[in-house]
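Please open the model in your viewer, with the sequence panel beside it, and follow the stops below in order.

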Amino acid sequence: SSSSSSSSTSDQPTSAEGAAASSQLQQPSSPSSGKKGRKAKKGDRAPLTIPDQAPRLVKGIRNMSRIERILDGSEPQAFKRLTLARFSCKEFEKKAIPEDVLNQVLGLTLRAPTAFNIQPYKVLMVTDDLLKLRLTGGMMDSNKDKILKAGATAIFLADKDPLQLVPKLERIKPEELQSEIPRYVRFFGEKINSPKEWALKNTMIAVSFYLLAATSLGLATAPMEGFNEDVILKILGIPEGRYTIPIVIPTGYPAGTGKFTKRLPPAEVFYFNSLDEPASNVRAITDSSLVE
C-alpha cells in the first residue's frame, strides 16, 4: 500500500502511536499497483506494516516445544553461573528478606516436577524471630546461629499420606485422568515404594529447585540435616504421623564470601550404558569455565 502521511509536524509519535510502533515491524513502503506514493517529507513517520511472513511465524510458534518457545540461547551460560554461585553458607547477615523476593523463590520452586504432578510436599517458611529462637531447640549447636540470623528458614515437609491430596489434584488434572490418580498414588506410593520413600523422592526434587531459585535472586542457602525431627514437628505443631522433614534450609544474605568446593572427578560419577564405561570426556565446571 502507498505511504500515509501525518498532519503532525513533530518528529516524535504520540504515545499511542509509539506503542503501536514498538510492537510492529517497521518497513519502508512499497509502491502499490496503479498508484504512486508521495515523496517523504521531514516529520513523516515510517508506515506500520505487518510482514508477509507473520502468519507462518505464528504457525511455527504453535508447533514448537516449550523448550523452543521459551529459551533464547543464553541459558547454558546463565545456568553455569547459577550453579557456580550457589554454595553452602556458613554464616548469614541478620537481615530480613523482602517478601516479594521470597515469593519469587517459592513460585519458582513450585515448578519442580513430581510423579504424576502429585506434589506430595509442603514448605513452611519461618521468618518470625521468636519462632526461630524456638526452632534452635531442635538444632545441633553448629546450626543454631544460622537459624537465628538467616532471613528465613525453609522447612520441607514430605507428605506420607498423599492420597489426602487427591481431591485438590482433581482440580488441576485433565478430567480423563482424575479417576486414575488414586490408583497411581497407591501403586507408586505403596507397592513400589513405602509412602515415606515416595514422598521423600519427590520432595527432594523441589529442594533442588528451591536452592537454585534462591541463588538466582541473590540469596544464600545452607541445606541442613543436623536437627531433631520430632522436636521440630512438635514446635511447629505439625502432625508427626503425616509429615517427615528431609531437610531444613536457612536462607538469606551471606556474611562471608563463600568458597568453591571440589567434586569427585566426573569419571567416578557418570557412566554410559554400564558402570564399566565411565564418562571420561565430561569436564568439571569451575570458576574458570566462565571465561572459556
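Begin by selecting strand 2, which is mostly covered, 8 of its 8 residues being buried; buried here means under 20% relative accessible area, exposed over 50% and partly exposed in between, with a 1.4 Å probe and protein chains only. Helices (H or I, at least four residues) and strands (E, at least two) are DSSP runs, numbered from the N terminus. This is a predicted model, in which local features need pLDDT of at least 70 and side-chain atom pairs count only at pLDDT 80 or more, while totals for chains, interfaces and linings use all residues. Residues are numbered from 1 along each chain as its sequence is written, and side-chain values use heavy atoms, with hydrogens and water left out.

Now show the side chains of strand 2: Ala152, Ala154, Phe156 and Ala158 point one way, Thr153, Ile155, Leu157 and Asp159 point the other way, and all are buried.

Next, add the neighbouring strands. Strand 1 pairs with strand 2 in the antiparallel sense over 6 bridges, where pairing requires that DSSP finds at least two bridges between two strands; within this pairing, valine 126 has threonine 153 of strand 2 as its bridge partner. Strand 4 also runs antiparallel to strand 2, joined to it by 7 bridges, and here isoleucine 155 has valine 248 of strand 4 as its bridge partner.

Stay with threonine 153 for a moment, a residue of strand 2 that is buried, with a relative accessible area of 0%. Leaving aside residues up to four places away in sequence, threonine 153 touches Leu124, Met125, Val126, Ile147, Val248, Ile249 and Pro250, contact meaning heavy atoms within 4.5 Å.

Which two residues form an aromatic pair? Select phenylalanine 156 and tyrosine 210, whose arrangement is edge-to-face, at 5.5 Å centre to centre and with 80° between the planes. Rings of Phe, Tyr and Trp (its six-membered ring) pair if their centres lie within 6.5 Å, and planes under 30 degrees apart count as stacked, over 60 as edge-to-face and the rest as tilted. The pair links distant parts of the chain, with phenylalanine 156 in strand 2 and tyrosine 210 in helix 11, 54 residues apart. Phenylalanine 156 is buried at a relative accessible area of 0%, and tyrosine 210 likewise counts as buried at 0% relative accessibility.

Both residues lead to the next selection, the largest nonpolar core, which has 20 residues, and in which Ile97, Phe156, Tyr210, Leu219 and Ile249 touch the most other members. A nonpolar core is a set of buried Ala, Val, Leu, Ile, Met, Phe, Trp, Tyr and Cys residues joined through side-chain atoms within 4.5 Å. Helix 5 (99-109), strand 1 (121-126), strand 2 (152-159), helix 11 (195-216) and strand 4 (243-252) each supply at least two residues of this core, the largest share, 6 residues, coming from helix 11. In soluble globular proteins, nonpolar side chains tend to be buried together.

Centre the view on leucine 219, which touches Ile97, Val101, Val105, Ala214, Thr251, Gly252 and Tyr253, again not counting residues up to four places away in sequence. Apart from this core lies another, of 16 residues, among them Leu135, Phe227, Ile235 and Val248.

For the last stop, select lysine 95 and tyrosine 253: the charged end of lysine 95 sits over the ring of tyrosine 253, 4.4 Å from its centre. The rule requires NZ of Lys or CZ of Arg to be within 6 Å of the ring centre and within 35 degrees of the ring normal.
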